[in-house]
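This report goes through a structure at the level of chain, segment and residue. Please keep the sequence and the model in view while reading.

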Amino acid sequence: MPIVIAAVSGVYLCAVNVYAFLLVRSLCFSTRSRALSEGAANKKLFVAALLGGAVCAYIAMLVYRCKTNELLPMILIPVIAAANIALTALAVRGAFLLFV
């Protein structure tokens with residue numbers, strides 16, 4: 001049963017990270033009016049980051065050289081990414097303790 005939980009968690013994290021990467025890509029190459037959609041897009045980005053996609057969102061920001069008018073995403077996304085990595089490491093470490 002723990003193997004199934006680990007597999008489902010892995011698939012979930014991959015899906016959220018791919019979604020966050022594609023979301024940043026669409027934000028950078030958006031041709032729509034940025035004034036109307038930037039606030040809603042940043043909210044979507046923060047939700048995706050909090051759900052576990054902050055690492056790929058930050059990588060996409062670096063790859064696509066995404067320039068945002070707000071300073072908050074450029075500071076908050078790496079902080080959330082560090083928290084995601086720490087929580088994932090704790091979860092993996094706890095899962096391995098079940099087998100010892």
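Does Asn84 count as buried or exposed, and at what relative accessibility? Asn84 counts as buried because its relative accessibility is 12%; buried stands for under 20% relative accessible area, exposed for over 50%, and partly exposed for the range in between, with a 1.4 Å probe and protein chains only. Asn84 is part of helix H3. Beyond the residues up to four places away in sequence, Asn84 touches Ala49, Leu50, Gly52, Gly53 and Ala54, where contact means heavy atoms within 4.5 Å.

The model is predicted: local features need pLDDT of at least 70 and side-chain atom pairs pLDDT 80 or more, while totals for chains, interfaces and linings use all residues. Residues are numbered from 1 along each chain as its sequence is written, and side-chain values use heavy atoms, without hydrogens and water.

**Overall make-up**

The chain has 3 helices and 0 strands, in the order α-α-α along the sequence. Helices (H or I, at least four residues) and strands (E, at least two) are DSSP runs numbered from the N terminus. Of the 100 residues in the chain, 27% are buried. About 7,000 Å² is exposed, and carbon and sulfur atoms supply 74% of that area; accessible areas come from the Shrake-Rupley method with a 1.4 Å probe, and for residues only the protein chains shown count as cover. Among contacts between residues at least 6 apart in sequence, 75% join residues at least 24 apart.

**Annotated segments**

An unreviewed UniProt entry carries the annotation "transmembrane region" for residues 6-24, 45-64 and 76-99. Such annotations may be inferred rather than shown by experiment, and their positions are given in the numbering used here, with feature names shortened. Two of these segments are described below.

| Segment | Helix | Strand | Distance between end C-alpha atoms |
|---|---|---|---|
| Residues 6-24 | 100% | 0% | 27 Å |
| Residues 45-64 | 95% | 0% | 15 Å |

**Residues joining distant parts of the sequence**

Met61, in helix H2, is buried with a relative accessible area of 7%. Leaving aside neighbours within four places in sequence, Met61 is in contact with Val24, Leu45, Cys66, Pro73, Met74 and Ile77. Met61 and Arg25 are 36 residues apart in sequence, with their C-alpha atoms 8.0 Å apart in space. Ala91 belongs to helix H3 and is partly exposed at 49% relative accessibility. From Ala91 to Ala6 the C-alpha distance is 9.5 Å, across 85 residues of sequence.

**Cysteines**

The structure holds 0 disulfides, a disulfide being a pair of cysteine sulfur atoms within 2.5 Å. Why is the sulfur of Cys14 not bonded to that of Cys56? Cys56 has the closest cysteine sulfur to that of Cys14, but the 8.5 Å between them is too far for a bond. Cys14 is exposed at a relative accessible area of 52%, whereas Cys56 is partly exposed at 23%.

**Surface patch**

Leu71, Leu72, Met74, Ile75, Leu76 and Val79 make a nonpolar surface patch of about 540 Å². Patches consist of residues with over 30% relative accessible area and no salt bridge, joined within 9 Å for like charges and within 5 Å for nonpolar side chains (Val, Leu, Ile, Met, Phe, Trp, Tyr). A salt bridge is a side-chain nitrogen of Lys or Arg within 4 Å of a carboxyl oxygen of Asp or Glu. Leu71 sits in the loop between helix H2 (34-63) and helix H3 (72-97), and counts as exposed because its relative accessibility is 60%.
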